[in-house]
Amino acid sequence: MSDATEIATPRASVFAGLRLTWTAVLAGSVLLFWLILALFGPWIAPHGEAEIISGTTFAPIGEGGLLGTDKLGRDVFSRLIYGVRTTLLLALITTVISFAFGVTLGFAAAILKGWFDIVVSRIVEAFMAFPSTLLALVVIGAFGTSITVLVLTVGLVLSTSVFRVSRALGYDIGVMDFVEAARARGEGTWWILTREILPNSMAPLIAEFGLRFTFSILFLSGLSFLGLGVQEPAADWGLMVQENVGGLFLGSSAALIPAACIASLTVSMNLLVDWFQQRQQGETVLEKIDQ
Amino acid sequence: MSDILTIKNLRVEGRPPGGAYVPIVKGVSLNVAKGEVLALIGESGSGKSTISLASMGFARPGCRIAGGEIWLNGRDIMKLSPQDRHALRGDEVSYVAQSAAASFNPALRIGKQVIEAPLWHGAGDAATLTATAVDLYRKLDLPNPDSVGEKFPHQVSGGQLQRLMAAMAMSCGPDLLILDEPTTALDVTTQIEVLKAFKDIIRDQGTAAIYVTHDLAVVAQVADRILVLKNGEMVEEGPTAQILHDPQHEYTRMLMDAVRPAPHLVDHVDASAAQAPVISARNITAGYGALTILSDVSVDVPAASVVGVIGESGCGKSTLARVVAGLTPLREGEIRLDGKVAAPSVKDRPRDSLKDCQIVFQMADTALNPRQRIGDILGRPLEFYQGLKGRARVEKVGDLLELVDLPRSFATRFPGELSGGQKQRINLARALAADPKVILCDEVTSALDTVVAAGVIELLKSLKDKLGVAYMFISHDLSTVASFADEVVVLYAGQVVEKGPSKVVFSPPFHPYTKLLLSSVPEMRQGWLEGVADTGEAKAASAGSVVIGAKGCPFANRCTHAIVGTCDVTPPPVRTLPGELEIACHLPIEEMP
């Protein structure tokens, strides 16, 4: 009967309400672990960020430091702990920048339509036509390798896809009847944007945020690996891979450990995003297979 | 065993995202014999679609068949492997969905899709199957049966596409055909041709069929037996004649009462001539992009009265509402709201003018922001138009809820926690929050169950008496309009073909199109379909389709009375008849049907 309203049963606990899957728990724990290290790193790390602790370069695991030493004899373990700060913080800032640009322009294009949409969309497409790494290389090459330039460049490069997603969302939601109703009431663009469209696009945008965050980590690590990202002696995981890649031939794991850490971060973030998306769609992948 | 399908004690469970499983179908048993049509009727949520899907051994995502036996052709299909069950579908049992437009792949030719299932099941090669399909097209009375398969889905009309959907379902010669609301989305005039085609082909092939619908008048035409469902339980079962004429259960009787409201056809109450009409639309021409939908439409809505706008889908009813509301700017013409000229676009209208004219949309679900509480949804127009804030706003929201017969406590709820009828009441309350002079009701009851819709109409009536608000009531449902409107405007292909007080419009002389509309409304009488489908009007109407921007009379290509050389060339004159009736037609008054 249609007039009988289904009332959601009160959730037993917060965790039951989240409907965590084991993949989400695993990914969440990994991310939490890195976050704690990022916060309390300097107190945990046995040595300083750039402190040379041994005369032996590329010392194997167990000798020198806990995870061996790198090409200058610095402690890999300590640099990893310091590196998580740089890696996470830079990724967060660049993602926030890309969202600030992408979402604002994307929604504006979807609502204002007309020439604004055409101009902005074509510019974004022109940017997307360049391979993103190449674009970043050119910009950083031209303006020099400072953290500000790095963060802004990566943020802008990432914002192109955020723009596409939010423009599509804006177009989709913008033609819904409740937005029409607000328009018929005489509401202005700002109200329609912030009160009608934004709250209804939060779920896909949060999922997108997770994905962009992952891309940002990979992108920044890639740039560091190319020598254009964070500069020594600061510790950054991508940079650590680059510094120590020569050690691979000497049997050193100094390049592999930060690479594995990057992988753990991105895989966990992806798993968490997957879980969130499935939760929004009502079913997890495991439940779908079950049918 | 002559029963094609036997369902014993079927139980189906479903769950909302993240919730626990709740029963949807609670132990229903039924059987369908060869050549028999069983109708499942009930309101939305009664489990009728779920049962029909379960008879293929299928449950929607998020649902599961929790118990019971489903015997098809002497086998319990729940005991089969998923692969075997898959092989049944499209072979022994096939399914016709509500929306043919959504069921056809727009990128493939129709013929290819019709023979897809039998080809997949290895029932023959493409050439023989195509020949069988052409035979089916002929039986289904489709125009150009030999070439229709070569067309793409968008190249045929909605009614034809629905019949092609039936051809697709019949192409594999199924023993059981499941029809899930196959005519609900169609206009009344199209519904007749489709119903007739379905009925003939079922009779012709001797197929057993399950017909799912909420429309009792349609059921009366096609079903042999009726099973009434409520909340996933069987209420009553019996032969069609018995259920229609002698329903035993109280719920069935209630359903029957709500089906067709009695036309009230009041004598035209003359609105005081001194008062300007709340809406006065003069010679409106409007459209989207290069397309012109409305041409030269004039409509007046007097204060505190109801003007019904009727017509088939695509005739410009909704566009008219959007133009009046300023959502779609008009190209030519003029709109006056409460005597004052209103700007074409909503952006240029002052708040006073916006306040006077509110719009309520068809889809109650999508018209409410799912992320706002009811209190905010209703509170915003109060704040926006009247500057109410804080305590006063909360009070007024409660008053509005009471006005539309909902409890005050609903203010804290989200739209998702409400039923369809309740949502539509909220939509109405939001319009009322502006304290308008007129409300544009765009198909407000079309998406609702008959019982719920009747409640909303009652509410509209009482609000009109209480608040003196006027309505422009847009609908394709003639019986609702007839029960409710003081004046009626009949639109066809974006032009006004007939207009006047409802009593005069709904009695002869008619415009040929009005006549067609009226005779197409299904009657709750067995055998009605056969009578009406054979009339010249129905045949002529199904032969052509709506042409927008025709040179002469837009209806000329579907009209039995069309005068060749006049109607298709010259735009029809508007004739004024006694009783303030206006008809745009070439026919002399005495020859009008």
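Here are a few questions and answers on chain B of this predicted model.

Q: Why is helix 8 of chain B called oblique to helix 20 of chain B?
A: Helix 8 (residues 188–205) and helix 20 (residues 512–520) of chain B pack at an angle of about 55°, their axes being 8 Å apart. Angles under 35 degrees count as roughly parallel and 65 to 115 as roughly perpendicular. The value fits neither range, and that makes helix 8 of chain B oblique to helix 20 of chain B. The crossing of these two helices is left-handed.

Q: What makes the contact of helix 8 with helix 20 of chain B, and how do its residues divide into nonpolar, polar and charged?
A: On the helix 8 side are Val188(B), Thr189(B) and Ile192(B), which meet Leu516(B), Leu517(B) and Ser520(B) in helix 20 of chain B. The residues of this contact divide into 4 nonpolar, 2 polar and no charged.

Q: Why do strand 2 and strand 5 of chain B stand at the edges?
A: The open sheet has 4 strands in the order 2-1-4-5, with antiparallel pairing. Strand 2 (22–33) and strand 5 (75–76) of chain B each have a single partner strand, so one side of each is left without a neighbour in the sheet.

Q: How do you know that strand 4 and strand 5 of chain B pair?
A: A pair needs at least two bridges, and strand 4 (residues 63–72) of chain B has 2 bridges with strand 5 of chain B, in the antiparallel sense. Trp71(B) stands opposite Asp76(B) in strand 5 of chain B.

Conventions: Residues numbered from 1 in each chain as written. Chains lettered and ligands numbered in written order. Predicted model: local features only at pLDDT ≥ 70, side-chain atom pairs only at ≥ 80, totals over all residues. Axes fitted to C-alpha atoms, helices over the stretch in contact; angles between N-to-C directions. Parallel < 35°, antiparallel > 145°, perpendicular 65-115°, else oblique. Left-handed = near helix turned anticlockwise from the far one by under 90°. Contact = placed C-beta atoms within 7 Å. Nonpolar A, V, L, I, M, F, W, Y, C, P; charged D, E, K, R; others polar.
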